[in-house]
Each structure stands twice: as C-alpha cells, then as structure tokens.
Amino acid sequence: MAKEICSDCGKERKPRDKPYTKLKVGGSVCEECANIRRAENIRNLENVILTTTNNVDGYRVVEYIGIGSVEVVIGTGIISEFGASVANVFGGRATEFEIKLNKGKEASLLKLKYAAFEVGGNAVIGIDLDYTEFKSNTIGIVASGTIVKIEKIV
C-alpha cells in the first residue's frame with residue numbers, strides 16, 4: 001500500500017487514522033487540514049452575494065463567469081403527509097411542508113453559493129427558484145442564476 005501524505009501539512013497517514021479526504025485537484029488532506037479548509041470555505045461563502053435582481057447596488061460586475069444551477073431533492077415523509085391531510089380538512093396551513101420547503105430552499109441557495117465560490121465568483125445574480133413534484137412524495141428544488149465577479153464602486 002502506498003503511503004498517503006497530506007498535501008497541506010505533509011503528515012503521513014497512519015493505519016489507525018481516518019482515511020484522508022481526496023481533493024478535486026490532486027492530493028488528499030488529513031482530517032485536521034480538511035476541517036481548516038471547511039472553515040475557510042464557510043467564511044468565504046459568507047461573502048458570496050445572492051440576489052434575484054440583475055445587479056447589486058453599490059457594486060459593478062467585472063466578470064460574467066457563467067450560469068450556475070443546483071438541485072436539491074427532498075422527501076416529504078409520511079408525518080408531513082398526515083399533517084397536511086389534517087390541515088386540509090380544517091383549512092389550516094401545512095406547516096411541516098412549509099418547513100421542508102424552506103430547508104430545501106436554504107440548501108439549494110447554499111449549494112449555489114458554493115458553486116459560485118468554486119469557479120471564482122463572489123455573487124450570483126438573477127436567481128430563479130423552481131419547484132417540482134416527483135412521485136413518492138418527493139419535491140425537487142432547482143436554483144439557478146448568473147455567477148459573476150463583482151467589485152465595490154468607489
């Protein structure tokens with residue numbers, strides 16, 4: 001078996017260590033370095049701006065990178081179905097469905113931020129959210145928009 005070396009810190013993986021995380025572009029990293037990368041990515045994602053408009057006030061687009069599109073599929077589950085049925089009988093709101101749709105929307109927007117970050121964008125403009133229903137109580141959410149690089153207007 002070939003030795004596995006962390007491409008960030010150079011630490012050699014020992015047999016009792018967790019498997020190293022494989023990187024998209026060459027190499028792999030130990031658990032500690034993978035956690036550092038995740039924390040940096042989360043900080044970077046906080047700086048990615050999302051908007052349904054075609055511009056961001058106070059900024060100008062300096063580069064159009066491309067169209068980004070991500071998908072999230074969520075199951076509604078039997079409890080949500082039962083709650084929705086009861087709500088329909090009494091004319092109430094199906095809050096379990098609302099919660100699941102909101103979580104799906106948030107997950108799709110986070111994935112869109114990450115897609116922009118991965119290709120060097122710091123904003124996604126013109127975002128559109130589409131929802132579709134599949135068989136077996138499954139809902140799909142598609143988030144798409146134009147990934148751009150923006151800079152503050154001085």
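Select Ser28 to begin; this residue sits in strand 2 (residues 28–29). Strands here are DSSP runs of E with at least two residues, and helices are runs of H or I with at least four residues, both numbered from the N terminus. The model is predicted, so local features need pLDDT of at least 70 and side-chain atom pairs count only at pLDDT 80 or more, while totals for chains, interfaces and linings use all residues. Residues are numbered from 1 along each chain as its sequence is written, and side-chain values use heavy atoms, with hydrogens and water left out.

Is Ser28 buried or exposed? Ser28 counts as buried because its relative accessibility is 6%; buried means under 20% relative accessible area, exposed over 50%, and partly exposed in between, with a 1.4 Å probe and protein chains only. Show side chains and look for Glu4: its side chain makes a polar contact with the side chain of Ser28 at 3.3 Å. A polar contact is a pair of N or O atoms within 3.5 Å; within protein, one must be able to donate a hydrogen and the other to accept it, and residues adjacent in sequence count only if both atoms are side-chain atoms. Leaving out residues up to four places away in sequence, Ser28 touches Glu4, Ile5, Cys6, Ser7, Tyr20, Thr21, Lys22 and Leu23, where contact means heavy atoms within 4.5 Å.

Now colour the whole chain by secondary structure. Three helices and six strands appear, in the sequence pattern β-β-α-β-β-α-α-β-β. Of the 154 residues, 29% are buried.

Next, select the open sheet of four strands, which has the order 3-5-6-4 and mixed pairing. Two strands pair if DSSP finds at least two bridges between them. Strand 3 (49–50) and strand 4 (59–75) are the edges, each pairing on one side only. Strand 5 and strand 6 run antiparallel and are joined by 10 bridges. To find one bridge, pick Thr132, whose partner in strand 6 is Gly140.

Add helix 3, which lies across strand 3, strand 4, strand 5 and strand 6 and runs at about 140 degrees to strand 4. The axes are lines fitted to C-alpha atoms, for helices over the stretch in contact, and angles run from 0 to 180 degrees between N-to-C directions. Buried residues of helix 3 include Gly104, Ser108, Leu112 and Ala116. The buried residues of this helix pack against helix 1 (31–46) as well as strand 3, strand 4, strand 5 and strand 6. Just after helix 3, Gly120 has a positive phi of about 90 degrees.

Within helix 3, select Leu101. Leu101 is partly exposed, at a relative accessible area of 31%. Beyond residues up to four places away in sequence, Leu101 touches Ile74, Tyr131, Ile139 and Ile141. The C-alpha atoms of Leu101 and Tyr131 are 9.1 Å apart, with their positions 30 residues apart along the chain.

Finish with the largest nonpolar core: Val48, Val70, Leu109, Leu112, Ala115, Ala116, Val124, Ile127, Ala143 and Ile147, 10 residues in all. A nonpolar core is a set of buried Ala, Val, Leu, Ile, Met, Phe, Trp, Tyr and Cys residues joined through side-chain atoms within 4.5 Å. Helix 3 (95–118), strand 5 (123–134) and strand 6 (138–152) each give two or more residues, and helix 3 gives the most, with four. A second, separate core of six residues includes Cys6, Cys30, Cys33 and Ala34.
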